[in-house]
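I opened this entry to look up how the strands are arranged. I went through confidence, then pairing, then burial.

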Amino acid sequence: MGNTKIITRYRTFDIKINDSGKLVVSFNSHLLNRNPYEFEPQFEIVSEAMDAIDQYWRKEARRFSEGILS
């Protein structure tokens, strides 16, 4: 991934900017008792990254309520 600089943290995820100016979203497993996760797409603007994070947590909440997560 090269050099990245954290711009902000949103809902346990780090939003970072890489050398090419794209935004990368990921979290470290030490923040949650989960495997590290990084979004596949890179984003152009912070609000797109935040929308993707919100969508991730909605999906996880739905999975939890359906009993898929423990």
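I counted two strands as paired if DSSP finds at least two bridges between them. By that rule I looked up β3 and β4, which pair in the antiparallel sense over 2 bridges. In β4, I found Tyr37 as the bridge partner of Phe27.

Confidence came next. The model is predicted. I noted an average pLDDT of 84 for the chain, with 81% of the residues scoring at least 70. Among the strands I checked, β4 (residues 37-38) is where the chain has its lowest confidence, at a mean of 78. The highest is in β2 (residues 13-18), at 92. I kept in mind that where pLDDT is low, the predicted coordinates should not be read in detail.

I then took the pairing from the start of the chain. Strand β1 (residues 4-10) runs antiparallel to β2, and 6 bridges join them. I looked up Arg9 and found its bridge partner in β2 to be Asp14. The two strands form a hairpin with 2 residues between them. In that turn, Arg11 has a positive phi of about 50 degrees.

On to β2 and β3: they pair in the antiparallel sense over 4 bridges. Lys16 stands opposite Val24 in β3. This hairpin has 4 residues between the strands, and Gly21 takes a positive phi near 90 degrees.

Last, I checked burial in β3. 5 of the 5 residues of strand β3 (residues 23-27) are buried, so the strand is largely enclosed by the rest of the structure. I sorted them by face: Leu23, Val25 and Phe27 are buried on one side, Val24 and Ser26 on the other.

Definitions and conventions
Residues are numbered from 1 along each chain as its sequence is written. This is a predicted model: local features need pLDDT of at least 70, side-chain atom pairs count only at pLDDT 80 or more; totals for chains, interfaces and linings use all residues. Side-chain values use heavy atoms; hydrogens and water are left out. pLDDT is the predictor's confidence in each residue, from 0 to 100. Buried means under 20% relative accessible area, exposed over 50%, partly exposed in between (1.4 Å probe, protein chains only).
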